[in-house]
Amino acid sequence: MNRGRFRKAELKDVETIVSLTGQSLDFSRYCDTKEKCHAFGQGFVLSHLAESNYAIVYEEEEEVLGVLLGTIEKAPLLFESSLGKEAARQYRIAFGENGGSDLYQRACKDMKEKTGLTFQGEITLLSLRPQLRGKGMGRRLVKDYCLKAMEYGDKPIYLYSDTDCNFAFYPHIGFEEMGRRTIFFDLGPEKDGSLTCFLFVADPKKIVAKSI
């Protein structure tokens with residue numbers, strides 16, 4: 001029996017979402033202190049929440065075990081725009097006044113532009129606790145996002161992933177890889193600064209049909 005429930009994400013969930021995100025994105029790879037790692041996580045999550053039209057968590061016994069954040073064209077934003085300012089402040093704590101490198105953003109934007117497509121929405125964050133992996137919960141979260149996106153239009157959806165994450169999950173559930181870029185961060189002589197980014201695209205109707 002499924003003991004859990006899905007609900008809208010709230011600002012009280014930020015720290016938990018930061019913890020979830022840290023399982024797949026190793027903040028310490030990019031930051032040299034716990035304070036900076038925490039600020040990176042805060043900035044990362046708050047920046048996505050500031051842009052979210054869709055924000056759902058899955059919880060069991062009041063413990064959040066999964067989250068999906070996304071944007072949907074024409075849908076209303078869920079949170080105050082001031083979250084974006086707080087995200088920028090946290091990024092400055094993590095990376096200094098320059099706010100961190102925009103190598104990742106530039107690579108992603110280039111991949112998206114080269115498709116020549118317009119999109120209904122983007123999945124910006126998907127993360128699960130280890131005990132949920134392999135049980136269909138990630139697929140369920142993506143399916144529910146697709147159903148919501150389809151209420152506003154019929155264009156494809158997209159997401160970015162990279163070699164720091166479980167990027168193989170997305171082709172498995174029906175996404176097509178439409179871009180790949182390898183970028184390099186200057187992380188010092190003792191760290192590998194290479195990272196390969198991917199653009200995945202899907203027809204939400206096909207994702208829903210495949211998950212039935």
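**Group meeting: a walk around strand E3**

Hi everyone, let me start with a single contact: the side chain of Asn53 comes to 2.7 Å from the backbone oxygen of Ala75. I call that a polar contact, meaning a pair of N or O atoms within 3.5 Å; within protein, one must be able to donate a hydrogen and the other to accept it, and residues adjacent in sequence count only if both atoms are side-chain atoms. Before going on, please keep in mind that this is a predicted model, where local features need pLDDT of at least 70 and side-chain atom pairs count only at pLDDT 80 or more, while totals for chains, interfaces and linings use all residues. Residues are numbered from 1 along each chain as its sequence is written, and side-chain values use heavy atoms, with hydrogens and water left out.

Back to Asn53. The same side chain also reaches the backbone oxygen of Pro76, at 3.4 Å. Asn53 is found in the loop between H2 and E2; helices (H or I, at least four residues) and strands (E, at least two) are DSSP runs, numbered from the N terminus. Is Asn53 buried or exposed? With a relative accessible area of 12%, Asn53 is buried, where buried means under 20% relative accessible area, exposed over 50%, and partly exposed in between, using a 1.4 Å probe and protein chains only. Not counting residues up to four places away in sequence, Asn53 touches Gly70, Thr71, Ile72, Ala75, Pro76, Leu77 and Leu78; a contact here is heavy atoms within 4.5 Å.

One of those neighbours, Ile72, deserves a moment. Ile72 belongs to strand E3 and counts as buried at 3% relative accessibility. Leaving aside neighbours within four places in sequence, Ile72 is in contact with several residues, among them Asn53, Tyr54, Gln120 and Tyr145. In E3 as a whole, 9 of its 10 residues are buried, so the strand is mostly covered.

Now let's zoom out to the sheet. General background: strands of a sheet pair through backbone hydrogen bonds, either parallel or antiparallel. In this model, 7 strands form an open sheet with mixed pairing, in the order E1-E2-E3-E4-E5-E7-E6; two strands pair if DSSP finds at least two bridges between them. Strand E1 (5–8) and strand E6 (176–184) are the edges, each pairing on one side only. From one strand to the next, the twist averages 25°.

E2 and E3 run antiparallel and are joined by 7 bridges, with Glu59 standing opposite Val64 in E3. Their hairpin has 2 residues between the strands, and in it Glu61 takes a positive phi near 50°. Glu61 is exposed, with a relative accessible area of 69%. The loop between E3 and helix H3 (82–95) holds Lys74, which has a positive phi of about 80° although it is not a glycine.

On the other pairing, E3 and E4 are antiparallel over 7 bridges, and Leu68 has Leu126 as its bridge partner in E4. What changes when we move on to strand E4 (residues 121–128) and strand E5 (residues 157–162)? Those two pair in the parallel sense, over 3 bridges. There, Glu122 stands opposite Tyr158 in E5.

Helix H1 (residues 14–24) packs on the sheet, touching strand E3 (63–72) and E4, and its direction makes about 85° with that of E4. For the record, axes are lines fitted to C-alpha atoms, for helices over the stretch in contact, and angles run from 0 to 180 degrees between N-to-C directions. Val14, Ile17, Val18, Leu20 and Thr21 of H1 are buried. They cover an arc of only 165° around the axis, which puts them on the same side of H1; the arc is that of the directions from the helix axis to the C-beta atoms. The buried residues of H1 pack against helix H2 (34–50), E3 and E4.

Last topic: rings. A search of the whole structure gives 16 aromatic pairs, where rings of Phe, Tyr and Trp (its six-membered ring) pair if their centres lie within 6.5 Å; planes under 30 degrees apart count as stacked, over 60 as edge-to-face and the rest as tilted. The rings of Tyr54 and Tyr145 have centres 5.4 Å apart and planes at 80°, so the pair is edge-to-face. Tyr54 lies in strand E2 (residues 54–60) and Tyr145 in helix H5 (residues 137–150), so the pair ties together parts that are 91 residues apart in sequence. Elsewhere, ring pairs link Phe27, Tyr30, Phe40, Phe44, Tyr91, Phe95 and Phe185 into a cluster.

Thanks, everyone!
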